Amino acid sequence: MYTLYCRIYQRILKFISSCLTWRQPQLIDGENCLHELVPLLQEKQVQRVFIVTDKGITSLGLLAPLCESMKNENIHYIIYDDVIPNPTIETIENAVKMYRDHHCEAIIAFGGGSPIDCAKAVGARIAKPKKTIQQMKGQLKIRKETPFLVAIPTTAGTGSEATLAAVVSNRDTQEKYAINDHALIPNVAVLDPVLTINLPPHITASTGMDALTHAVEAFIGKGNTNETTAYSRDAVQLIFENLNEAYSNGSNLVARQNMQKASYLAGLAFTRAYVGNVHAIAHQLGGFYSYPHGLANAIILPHVLEKYGETVHKPLAELAELIGIKQSYCTTEEKASAFIEEIKKLNTMMEIPSQVNCIVESDIPLMVKRALQEANPLYPVPQIFTRKDMTELFYKIKL
């Protein structure tokens with residue numbers, strides 16, 4: 001009965017989703033395209049900008065050219081660089097105060113998924129000043145225009161520059177959850193591969209696998225559309241063609257640009273088709289241990305795909321053919337298994353472990369409970385996991 005309830009909920013949500021207006025960010029992409037942003041801000045008559053980033057970005061000087069351009073055009077800006085991985089409610093509230101104190105009118109998110117998520121949450125609080133972050137948890141709790149938002153990713157993985165989600169961590173409760181609302185889709189996404197050139201190999205690896213997880217979960221789920229299916233396929237193909245090169249030769253701008261495109265397409269796919277049990281588990285690792293999200297997804301993905309069994313053989317076989325696995329495998333099951341093996345090979349090549357080394361056994365029951373609450377009934381996964389299924393997975397990924 002519970003499975004039936006979940007499926008009915010998901011079908012209703014998919015129908016409602018098809019009736020909504022889905023905007024995409026205005027896309028600025030290509031080598032050194034960052035310089036195109038200031039003229040756009042002038043066109044929008046933006047005078048006071050709030051920049052959300054982290055200390056790693058500011059220490060590397062990546063913001064300097066943009067700040068200099070804004071200064072030359074008399075666009076005032078203030079930088080908030082206290083964002084931490086898995087941004088917390090406290091981090092967001094401190095940023096909201098600074099935004100208000102400086103009377104800003106637009107937000108630029110500059111960095112990986114954490115600064116972009118933080119910036120989205122700041123926009124949500126500005127739009128809904130009487131609602132707390134906790135009260136905005138879940139679906140469509142904002143429904144009001146947020147400040148003009150520009151997302152400039154410096155990694156190629158989260159796809160947050162294309163999505164309606166802001167992922168937030170609550171340190172007090174060890175929760176990690178999403179605020180989902182169309183108002184959070186950035187107005188502009190700037191994909192400049194030059195910004196990712198100095199990305200360390202291990203970050204290139206984990207963020208790239210994050211993008212692959214988004215694309216695969218969107219593709220195999222029951223919430224996909226013709227459009228999201230096409231986005232997922234294109235993203236998977238780009239990742240298998242370019243991630244190895246981006247990891248091994250970080251200065252290859254073509255590979256970097258293709259990975260940015262893949263991340264963006266995967267973001268477009270999962271923001272409508274949703275993710276699945278991989279993310280439900282990964283969010284618990286982030287909430288309990290601040291475990292890096294992309295790394296968690298990379299480790300968990302093959303385990304969950306194997307657990308799904310025959311429910312994903314057909315879509316995974318399609319992806320196997322897409323990346324060139326054709327000749328040696330005859331059956332759908334064999335092709336699906338071969339695709340999972342290719343994911344494992346990618347992980348091994350990039351020195352990503354197969355298990356997580358920080359899981360405390362006594363935490364597993366609560367993590368299982370929260371993972372199931374996140375996944376069901378919202379995520380249109382190929383198979384509704386039981387408590388037993390989820391518990392087995394946590395023990396499988398535990399080192």
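**Exercise 1. Decide whether Ile8 counts as buried, partly exposed or exposed.**

Solution. Ile8 has a relative accessibility of 40%, and therefore it counts as partly exposed, given that buried means under 20% relative accessible area, exposed over 50%, and partly exposed in between, with a 1.4 Å probe and protein chains only. The model is a predicted one, in which local features need pLDDT of at least 70 and side-chain atom pairs count only at pLDDT 80 or more, while totals for chains, interfaces and linings use all residues. Residues are numbered from 1 along each chain as its sequence is written, and side-chain values use heavy atoms, with hydrogens and water left out.

Next, place the residue: Ile8 belongs to helix α1, residues 2-19, where helices (H or I, at least four residues) and strands (E, at least two) are DSSP runs numbered from the N terminus. Finally, look at the surroundings: Ile8 is part of a nonpolar surface patch together with Met1, Leu4, Ile12, Phe15, Ile16, Leu20 and Leu140.

**Exercise 2. Find which residues of helix α12 are buried, and what covers them.**

Solution. Begin with the count: in α12, residues 313-322, seven of the ten residues are buried. These are His313, Pro315, Leu316, Ala317, Leu319, Ala320 and Leu322. Their cover includes α7 (201-220), α8 (226-248), α11 (293-308) and α13 (332-349), where contact means heavy atoms within 4.5 Å. After α12 comes Gly324, with a positive phi near 100°.

**Exercise 3. Describe the largest nonpolar core and name the helix that gives the most to it.**

Solution. A nonpolar core is a set of buried Ala, Val, Leu, Ile, Met, Phe, Trp, Tyr and Cys residues joined through side-chain atoms within 4.5 Å. The largest one has 81 residues, and those with the most contacts inside it are Met209, Val216, Leu285, Ile300, Leu305, Leu316 and Phe394. Helix α9 (residues 253-273) gives the most to this core, namely ten residues. As a closer look at one member, Leu305 touches Val216, Ile220, Val312, Leu316, Ile340 and Ile343, if residues up to four places away in sequence are not counted. Another core, of 30 residues, lies apart from it, and Ile116, Val122, Met136 and Val168 are among its members.

**Exercise 4. State how many helices and strands the protein chain has, and what share of its residues is buried.**

Solution. The protein chain holds 15 helices and nine strands, and buried residues make up 57% of its 399 residues. Along the principal axes, its C-alpha trace spans about 65 × 45 × 40 Å.

Note on methods:
Patch = residues over 30% accessible without salt bridge, like charges linked within 9 Å, V, L, I, M, F, W, Y side chains within 5 Å. Areas by Shrake-Rupley, 256 points an atom, 1.4 Å probe, with all protein chains shown as cover. Salt bridge = Lys/Arg side-chain N within 4 Å of Asp/Glu carboxyl O.
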